[in-house]
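Open the model in your viewer and keep the selection box ready. We will go from the whole fold down to single side chains.

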Amino acid sequence: MKLKICEKKVSSPRCDTDEGNFTQYAGPVRMNNCPEITAIMKNSSGVAITDAVRGPFCG
């Protein structure tokens, strides 16, 4: 699993990432400044079963 959260900026966005071989959970990752979240989860064969981008989350 990989969970990445990045500032919603065009140039040099700051990001926080947690990734590895987890069975149920990746995280936590935290950030201010209207972040955008990318989540990728692959099965044991390497096929992505979740590949999503959400946000930005402001407010």
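In what order do the 4 strands lie in the open sheet? The order is E2-E1-E3-E4, with antiparallel pairing. Keep in mind that this is a predicted model.

**Stop 1: the whole chain**

Show the cartoon. You will find 4 strands and 0 helices. Read from the N terminus, the elements run β-β-β-β. Now switch on the surface. About 4500 Å² of the chain is accessible, and carbon and sulfur atoms hold 48% of that area. Of the 59 residues, 19% are buried. Consider a contact map too. Among contacts with a separation of 6 or more, 36% link residues 24 or more positions apart.

**Stop 2: the sheet**

Colour the strands one by one. The order to look for is E2-E1-E3-E4. Select 15-19 for strand E2 and 48-54 for strand E4; these are the edge strands, each paired on one side only. On average, neighbouring strands of this sheet are turned by 5° against each other, with direction ignored.

Next, select residues 2-7, which make up strand E1. On one side, E1 pairs with E2 in the antiparallel sense, over 5 bridges. Then add residues 35-42, strand E3. E1 and E3 also run antiparallel, joined by 6 bridges. Strands of a sheet pair through backbone hydrogen bonds, so display the backbone atoms here.

**Stop 3: cysteine 6 and cysteine 15**

Select both residues and show sticks. Which residue forms a disulfide with cysteine 6? The partner is cysteine 15, and the two sulfur atoms are 2.0 Å apart. The count for the model is 1 disulfide. A disulfide is a covalent bond between the sulfur atoms of two cysteines. Check the torsion about the S-S bond: it is 110°, and the link of cysteine 6 and cysteine 15 is right-handed.

Look at the backbone of this pair as well. Cysteine 15 is also the bridge partner of cysteine 6 in E2. In E3, the bridge partner of cysteine 6 is glutamate 36.

Is cysteine 6 buried or exposed? Its relative accessible area is 11%, under the 20% cut-off, so cysteine 6 counts as buried. Cysteine 15 has 39% relative accessibility and is partly exposed.

**Stop 4: glutamate 7**

Move one residue along to glutamate 7, which is in strand E1. Glutamate 7 is buried, because its relative accessibility of 10% falls under 20%. Where does its side chain make a polar contact? A polar atom of that side chain lies 3.0 Å from the backbone nitrogen of arginine 14. Now select its surroundings. Beyond residues up to four places away in sequence, glutamate 7 touches Pro13, Arg14, Met31, Asn32, Asn33, Cys34 and Pro35.

**Stop 5: lysine 4**

Go back along strand E1 to lysine 4. This residue is partly exposed, at 28% relative accessibility. Which residues are in contact with lysine 4, leaving aside its neighbours within four places in sequence? They are Cys15, Asp16, Thr17, Glu36, Ile37 and Thr38. Finally, draw a distance line from lysine 4 to proline 28. The two are 24 residues apart in sequence, and their C-alpha atoms are 9.6 Å apart in space.

**Last view**

Zoom out with E1 and the disulfide still highlighted. Strand E1 pairs with E2 over 5 bridges, and 6 bridges join E1 to E3. Cysteine 6 and cysteine 15 form the disulfide.

Technical notes: Residues are numbered from 1 along each chain as its sequence is written. This is a predicted model: local features need pLDDT of at least 70, side-chain atom pairs count only at pLDDT 80 or more; totals for chains, interfaces and linings use all residues. Side-chain values use heavy atoms; hydrogens and water are left out. A disulfide is a pair of cysteine sulfur atoms within 2.5 Å. Buried means under 20% relative accessible area, exposed over 50%, partly exposed in between (1.4 Å probe, protein chains only). Two strands pair if DSSP finds at least two bridges between them. Helices (H or I, at least four residues) and strands (E, at least two) are DSSP runs, numbered from the N terminus. Axes are lines fitted to C-alpha atoms, for helices over the stretch in contact, and angles run from 0 to 180 degrees between N-to-C directions. A polar contact is a pair of N or O atoms within 3.5 Å; within protein, one must be able to donate a hydrogen and the other to accept it, and residues adjacent in sequence count only if both atoms are side-chain atoms. Contact means heavy atoms within 4.5 Å. Accessible areas come from the Shrake-Rupley method with a 1.4 Å probe; for residues, only the protein chains shown count as cover.
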